[in-house]
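Here's a walk through one protein chain, with an eye on its charged pairs, its nonpolar cores and a few odd backbone spots. Have the structure open and follow along.

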Amino acid sequence: MVRDIVIWPDPILKQIAKPVDRVDDTIRRLLDDMAETMYAADGVGLAAPQVGVSQRVIVIDVSPRQEGQKLLHLVNPEIVKTEGTRVYTEGCLSIPGEAEDVERADKVWIRALGRDGKAFELACDELLATAVQHEIDHLQGIVFADHLSSLKREIIRRRMKKLKVEQATERATDRAEQVKGARKHESAL
């Protein structure tokens with residue numbers, strides 16, 4: 001099921017996500033929904049807070065842009081080692097239409113639980129390293145705009161607030177049209 005993506009500066013995106021006690025069917029369903037949502041939005045990664053769930057759950061698939069990769073399910077991921085630095089122009093599904101250069105580690109090693117609940121470690125480089133760090137930031141209540149100057153961050157914040165107002169107005173208009181188009185019942189007041 002495709003879920004709604006939370007737009008920054010929604011308060012849930014500033015919260016530190018809670019660890020997952022165990023990987024069960026509820027978590028696997030969340031992982032499936034997140035992957036479907038990520039693909040529908042043409043993203044390469046999505047963290048649970050971005051769909052309104054404050055849990056340490058991430059999906060990433062950089063395969064269209066980095067050879068040899070596949071869909072990753074990361075539960076309770078943590079970075080255990082970093083190496084080097086690189087700058088990459090990042091965007092975010094929770095900050096649509098915006099992209100800025102962010103400096104991050106060039107390579108990272110992570111530890112996480114998989115979809116099966118088993119622990120694993122993974123070495124990440126190139127886009128995968130950037131995506132993993134970006135999504136783990138979401139679990140810490142950090143968005144890529146937090147890595148920018150206060151001026152750039154405020155400009156983006158204003159654009160997102162305007163976008164949220166436009167979306168709310170559009171949804172209200174759609175609902176009004178649905179009500180107008182609904183079948184009338186004789187007992188309706």
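Let's start with glutamate 98, which is buried at a relative accessible area of 11%. Buried here means under 20% relative accessible area, exposed means over 50%, and partly exposed is anything in between (1.4 Å probe, protein chains only). Despite its burial, glutamate 98 has a charged partner: its side chain meets that of arginine 159 in a salt bridge, 2.8 Å from N to O. A salt bridge is counted when a side-chain nitrogen of Lys or Arg comes within 4 Å of a carboxyl oxygen of Asp or Glu. Glutamate 98 sits in strand β5 (residues 95-104) and arginine 159 in helix α3 (residues 150-181), so this pair ties together parts 61 residues apart in sequence. Arginine 159 itself is partly exposed, at 44%.

Before going further, a word on the source. This is a predicted model, where local features need pLDDT of at least 70 and side-chain atom pairs count only at pLDDT 80 or more, while totals for chains, interfaces and linings use all residues. Residues are numbered from 1 along each chain as its sequence is written, and side-chain values use heavy atoms, leaving out hydrogens and water.

**The overall layout**

The chain has three helices and seven strands, taken as DSSP runs numbered from the N terminus (helices are H or I with at least four residues, strands are E with at least two). Reading from the N terminus, the order is α-β-β-β-β-β-β-β-α-α. The C-alpha trace spans about 70 × 45 × 30 Å along its principal axes. Of the 189 residues, 40% count as buried. Looking at contacts (heavy atoms within 4.5 Å), 64% of those with a separation of 6 or more are between residues 24 or more positions apart.

**More salt bridges**

A search of the whole structure turns up twelve salt bridges. Three of them, including the one we started with, are set out here.

| Pair | Closest N to O distance |
|---|---|
| Glutamate 98 and arginine 159 | 2.8 Å |
| Arginine 157 and glutamate 154 | 3.3 Å |
| Arginine 111 and glutamate 78 | 3.8 Å |

What about the pair of arginine 111 and glutamate 78: which parts of the chain does it link? Arginine 111 is in strand β6 (residues 107-113) and glutamate 78 in strand β3 (residues 72-83), 33 residues apart. Arginine 111 is partly exposed at 34% relative accessible area, and glutamate 78 is partly exposed too, at 39%. There's a third player here: Glu78, Arg111 and Glu121 are linked in a network of salt bridges.

The pair of arginine 157 and glutamate 154 is a local affair. Both belong to helix α3, and because they are three residues apart there, about one helical turn separates them. Arginine 157 is partly exposed at 24%, and glutamate 154 is partly exposed at 31%.

**Two nonpolar cores**

In soluble globular proteins, nonpolar side chains tend to be buried together. A nonpolar core here is a set of buried Ala, Val, Leu, Ile, Met, Phe, Trp, Tyr and Cys residues joined through side-chain atoms within 4.5 Å. The largest such core has 20 residues, and Ile60 and Val132 have the most contacts inside it. Elements giving two or more residues to this core are β2 (57-60), β3, β6 and α2 (126-139), with α2 giving the most, at seven residues. Leaving aside neighbours within four places in sequence, valine 132 is in contact with Ile60, Val108, Ile110 and Cys124.

A second, separate core of 15 residues includes Leu31, Leu46, Val59 and Leu93. Leucine 31 belongs to helix α1 (residues 25-40) and counts as buried, at 0% relative accessibility. Setting aside residues up to four places away in sequence, leucine 31 touches Val57, Ile58, Val59, His73, Val75 and Arg115. Leucine 31 and valine 57 are 26 residues apart in sequence, with their C-alpha atoms 7.4 Å apart.

**Backbone oddities**

Where should you check the backbone? The peptide bond from tryptophan 8 to proline 9 is cis, with omega near 15°, and proline 9 lies in the segment before α1. Asparagine 76, in strand β3, isn't a glycine but has a positive phi of about 55°. Glutamate 126, in helix α2, also isn't a glycine and has a positive phi of about 50°; this residue is partly exposed, at 45%.
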